[in-house]
Amino acid sequence: FNNVTPEITVTVFPEGIQAITIGTGNELPDFRIPFDFYWRNSLVQTIYYADELLIDEGLITGIMYYNNFVTNLPDREVKVYMQHTNLVDMSQGFVPVNSSVLVFDGNVDFPTGANEIFIPLDEPFVYEGGNVLITTLRAFEQNWHSSSDKFFVTTTPDKPSRTVHFNSDQVTIDPENPPTT
């Protein structure tokens with residue numbers, strides 16, 4: 001009678017583009033990855049496994065994270081690197097990005113509330129199968145923000161130690177010479 005239905009969101013991808021969702025992303029952890037805005041800068045490395053990527057090869061043209069922020073953080077400088085890896089965990093610590101591809105170097109908006117944060121890559125990553133190591137850097141800035149500015153994650157007990165992270169208020173983190181602790 002009122003001709004009104006609930007709003008729905010529809011995403012239409014160009015021909016040949018496939019969206020792959022890794023995990024359920026339904027948990028807000030105590031830590032803040034892939035970008036930590038509570039500290040003045042942060043570095044995170046996470047392995048994404050071949051069995052999660054669901055393709056044998058192709059171009060990765062963008063990545064999306066899901067946030068739930070209490071702070072509106074527009075125009076934040078971040079970097080994203082990608083590389084193929086034979087690593088199965090990050091128990092040995094950070095890997096220098098010297099053999100990675102800098103796929104994004106720019107500014108991203110991180111709005112208040114629960115949002116999809118899409119990062120279109122400056123340079124598509126040529127995925128050739130296997131595991132991928134993604135490195136994310138929050139560039140050093142003078143401000144820090146709420147510890148409640150978090151991203152949704154999925155716990156993967158069958159893939160422990162898939163992520164390593166470091167943050168600092170004093171040291172400008174260099175992904176080519178990552179921390180050893």
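Let me start with one contact. The side chain of aspartate 36 touches the side chain of arginine 32 in a polar contact of 2.8 Å. That pair is also a salt bridge, again 2.8 Å from N to O. Keep in mind that this is a predicted model.

Where does aspartate 36 sit? In the segment before strand 1. Is aspartate 36 buried or exposed? Its relative accessible area is 2%, and the cut-off for buried is under 20%, so aspartate 36 counts as buried. Arginine 32 is buried too. So here we have a salt bridge with both partners buried.

Stay in that segment for a moment. Proline 34 also belongs to the segment before strand 1. The peptide bond between isoleucine 33 and proline 34 is cis, with omega at about 10 degrees.

Now the sheet. Five strands make it up, and the sheet is open. Read the order across as 4-3-6-1-8. The pairing is antiparallel. Which strands are at the edges? Strand 4, residues 101-110, and strand 8, residues 163-168. Each of those pairs on one side only. From one strand to the next, the twist averages 15 degrees.

Look at strand 1 next. In the order, strand 1 stands between strand 6 and strand 8. Take the strand 6 side. Strand 1 covers residues 41-48, strand 6 covers residues 131-138, and 7 bridges join them. The two run antiparallel. Two pairs to find on your screen: threonine 46 has isoleucine 134 as its bridge partner in strand 6, and tyrosine 48 has valine 132.

Now the strand 8 side. Strand 1 and strand 8 pair over 6 bridges, again in the antiparallel sense. Threonine 46 turns up here as well, opposite threonine 163 in strand 8. So threonine 46 has a partner in strand 6 and another in strand 8.

How many residues of strand 1 are buried? The count is 8 of the 8, so the strand is largely enclosed by the rest of the structure. Now the side chains. In a regular strand they alternate between the two faces of the sheet. Strand 1 shows two sets. Asn41, Leu43, Gln45 and Ile47 point one way. Ser42, Val44, Thr46 and Tyr48 point the other way. Every one of these residues is buried.

Back to charges. How many salt bridges does a search of the whole structure find? The search finds 6. You have met one of them, aspartate 36 with arginine 32. Another links glutamate 141 and arginine 138, at 2.8 Å from N to O. Both of those residues are buried. Arginine 138 falls within strand 6, residues 131-138.

A further one has another setting. Lysine 159 bridges to aspartate 158, and the closest N and O atoms are 3.5 Å apart. Lysine 159 has 14% relative accessibility, so it counts as buried. Aspartate 158 is at 60%, over the 50% cut-off, so it is exposed. This bridge does not stand alone: shared partners join Asp51, Asp158 and Lys159 into one network.

Two backbone angles to point out. Aspartate 75 is not a glycine, yet its phi is positive, about 60 degrees. Aspartate 75 lies in strand 3, residues 73-85. Serine 161 is the other one, with a positive phi near 60 degrees. Where is serine 161? In the loop between strand 7, residues 150-151, and strand 8. Its relative accessible area is 41%, which means partly exposed.

Last stop, the surface. Which residues make the nonpolar patch? Met64, Tyr66 and Phe118, and the patch is about 280 Å². Tyrosine 66 comes from strand 2, residues 58-69. At 35% relative accessible area, tyrosine 66 is partly exposed.

To recap. Aspartate 36 and arginine 32 form a salt bridge, and both are buried. Strand 1 has 7 bridges to strand 6 and 6 to strand 8. And on the surface, Met64, Tyr66 and Phe118 make a nonpolar patch.

Definitions and conventions. Residues are numbered from 1 along each chain as its sequence is written. This is a predicted model: local features need pLDDT of at least 70, side-chain atom pairs count only at pLDDT 80 or more; totals for chains, interfaces and linings use all residues. Side-chain values use heavy atoms; hydrogens and water are left out. Two strands pair if DSSP finds at least two bridges between them. Helices (H or I, at least four residues) and strands (E, at least two) are DSSP runs, numbered from the N terminus. Axes are lines fitted to C-alpha atoms, for helices over the stretch in contact, and angles run from 0 to 180 degrees between N-to-C directions. A salt bridge is a side-chain nitrogen of Lys or Arg within 4 Å of a carboxyl oxygen of Asp or Glu. Buried means under 20% relative accessible area, exposed over 50%, partly exposed in between (1.4 Å probe, protein chains only). Patches are made of residues with over 30% relative accessible area and no salt bridge: like charges are joined within 9 Å, nonpolar side chains (Val, Leu, Ile, Met, Phe, Trp, Tyr) within 5 Å. Accessible areas come from the Shrake-Rupley method with a 1.4 Å probe; for residues, only the protein chains shown count as cover. A polar contact is a pair of N or O atoms within 3.5 Å; within protein, one must be able to donate a hydrogen and the other to accept it, and residues adjacent in sequence count only if both atoms are side-chain atoms.
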